[in-house]
Amino acid sequence: MRKLKLILISAALCLTVPIAAQNPTTYFMEGSTFRSQLNPALAPTCGYLNLPALSGIQVGMAGNISLDRVLFPRNGKLVTIFDNSVSAKEALSGLKSQNTLELNTKVNILGFGAYTKNRRNFWSFDINARVNGDVGLPYSLFEFLKLGRNNKIRGIGVNVDSYLEAGFNYSFSVDRQKKWYVGVRPKMLIGVARARLAFDRFDVMLGEERWQVDAQGVLDITAAGVEADHMPGESFEFGDLDMKPTKPAGYGFAIDLGATYQVLPNLQLSLAVNDLGFIKWGRKHNLKAFSEKTLMFESIEVDANGQVGEQPDFDLNVFQFNETDPSDCTNMLCASINAGLDYELFNHKLGFGLLYSAHVREFDTRHNLTASVNIHPKRWFTLSGSYSFLENRGNAFGLGLNLNPGAINFFVATDVLLTKKTKQWVPIRQSIMNVTFGMAVPIGKIGHRVREYMPARELYRLIKDKPVGELSPTEKRLMQKKSAKFAAEQTETDKKAARKYLEKS
């Protein structure tokens, strides 16, 4: 039982230490080079060349229960839900009927982008390494481990996939007024490895002298060099598996679509649908096996409080698998939707944002609503704060910082700084956690999408022939400034001409 407990502890911690496929705090950080990953229609303030290994790293986890539901303080220390000091009532009270986990990691390997000649359209090319995982653990499994009850356990599953994506993004205006921008990012996908373990039957029956497990499961792995060390016709265990993913095991295609619309000079709406695509995994690198076994163990003791006493030695290697014929398969990516609203005040120095996100996962679909405040007194400085509502699963405070003084562009965002933590710096009472950071070298000139960030001379050249009624507040202030300067110059010219006339006279 020890190994099973260790694995379940790790999975349970993952269920509650959520780090999500994206960091909502970064959506409204204008200078971040990672921003267009959330919506291909968005663009940073200038071009960039990402630094290898530091260009952009996003780590995320999200579950439907918070960490304090599986970690409990005891005598100044934290113990897990499986510890005997945690009563069955206390342990089971915070669990869901199906406890789920999402794990996502995205690391930028290569990236660069720049504005085109008109300094409104933006293109970029990025290569990212991605790892996605989903875990599903039912309430009945925890109930069995804590109470030792007879149970028909369903819904135990683990899915993990890893792949590379190479995408070219182009964001461009589609109307003369420059109110609509559309972004398209087609992506070539190279599958590295995938694994699926699912038990569609895990029945536990408790007798007077022994207890019995009747289990049926499927193991499906695709990776270059995957093999099980066993004789032909014989079964194998988990410890017999080996793989060397040194070459592609599958190929696929995906696309990200996005759009923004400037409703008012200070109000922008945005919408994006990401990861619409698939990966076809080849039969050549596939290992598929099934397990169907009935196991007998000595009876466990359950006290009057419903607490399990000493438990039998139960190792996952007791599940023996028999190989079946390999096959190819096609997996759809887990798509996501982002819909945002951004309102700017005080000459684009203070902004308020609202972002709705939906993520379609293996075991459920997660919805998230994030409100943010974004302070950017200068073009090269942005400080963002956010608060996320997670459909009654909890909440999260986020902080983000982007600095682009000229020689370097640095951004970092997380939602674990303000949350309640243990002495071991473990966040609790929170069902989501994100960490994003990166560094890049700015290249090219500043884009013209945000008028407040444009040099006055260039902005004046664009608006000098526009009717006064069509000017934004920023443009009106610039026109008044230019008019006053022109009047002063004309007055000074008149004075010089008068002096020359008098001198000649």
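**Exercise 1. Getting your bearings**

How many helices and strands does the protein chain have? Find out, then look at how much of the chain is buried.

*Solution.* Keep in mind that you're working with a predicted model. Start by counting: the protein chain has five helices and 24 strands. Next, look at burial: of the 505 residues in the protein chain, 49% are buried. Last, check the surface. The chain exposes about 24500 Å², and 59% of that is supplied by carbon and sulfur atoms.

**Exercise 2. Inside the core**

Which residues touch the most other members of the largest nonpolar core? Work out which strands and helices feed this core as well.

*Solution.* Step one: the largest nonpolar core has 41 residues, and Ile81 and Phe202 are the ones touching the most other members. Step two: go through the elements that each supply at least two residues of this core. Among them are helix H2 (88–92), helix H3 (139–147), strand S9 (180–206) and strand S15 (286–298). Step three: pick out the top contributor, which is S10, with six residues. Step four: don't stop there, as a second, separate core has eight residues, including Leu189, Ala254, Ile279 and Cys329.

**Exercise 3. Buried or exposed?**

Is Leu71 buried or exposed? Decide from its relative accessible area, then do a similar check on Arg477.

*Solution.* First, place Leu71: you'll find it in strand S3. Its relative accessible area is 11%, and buried means under 20%, so Leu71 is buried. While you're there, compare two kinds of distance: Leu71 and Val86 sit 15 residues apart in sequence, and their C-alpha atoms are 9.5 Å apart in space.

Now take Arg477, which lies in helix H5 (residues 473–504). Its relative accessibility is 41%, so Arg477 counts as partly exposed. Finally, see who joins Arg477: together with Lys349, Lys378 and Lys481, Arg477 forms a patch of positive charge on the surface.

**Exercise 4. Following the salt bridges**

Which parts of the chain does the salt bridge between Asp256 and Arg185 tie together? Trace this pair, then follow Arg201 to its partners.

*Solution.* The structure holds 11 salt bridges, and we'll follow a few.

- Asp256 and Arg185 form a salt bridge, with the closest N and O atoms 2.8 Å apart. Asp256 is in strand S13 (residues 250–264) and Arg185 is in strand S9, so this pair ties together parts that are 71 residues apart in sequence. Both Asp256 and Arg185 are buried.
- Asp214 and Arg201 meet through their side chains in another salt bridge, at 3.4 Å from N to O. Here Asp214 in strand S10 is linked to Arg201 in strand S9, 13 residues apart. Asp214 has a relative accessible area of 19%, so it is buried.
- Arg201 also forms a salt bridge with Glu292, where the closest N and O atoms are 3.5 Å apart. Glu292 belongs to strand S15, so this pair ties S15 to S9 across 91 residues of sequence.

To finish, zoom out to a network: Arg130, Glu165, Arg185, Lys187, Asp256 and Asp275 are linked by salt bridges.

**Exercise 5. A covered helix**

How many of the residues of H3 are buried? Count them, then see what follows the helix.

*Solution.* Eight of the nine residues of H3 are buried, so call this helix mostly covered. The buried set includes Phe142, Phe144 and Leu145, along with the charged residues Glu143 and Lys146. After H3 comes Gly148, with a positive phi near 70°.

Technical notes
Residues numbered from 1 in each chain as written. Predicted model: local features only at pLDDT ≥ 70, side-chain atom pairs only at ≥ 80, totals over all residues. Heavy atoms only, no water. Helix = DSSP H or I, 4+ residues; strand = E, 2+ residues; numbered from the N terminus. Buried < 20%, exposed > 50% of the residue type's maximum accessible area, 1.4 Å probe, protein only. Areas by Shrake-Rupley, 256 points an atom, 1.4 Å probe, with all protein chains shown as cover. Patch = residues over 30% accessible without salt bridge, like charges linked within 9 Å, V, L, I, M, F, W, Y side chains within 5 Å. Salt bridge = Lys/Arg side-chain N within 4 Å of Asp/Glu carboxyl O. Charge placed at Lys NZ, Arg CZ, Asp CG, Glu CD. Core = buried A, V, L, I, M, F, W, Y, C linked by side-chain atoms within 4.5 Å.
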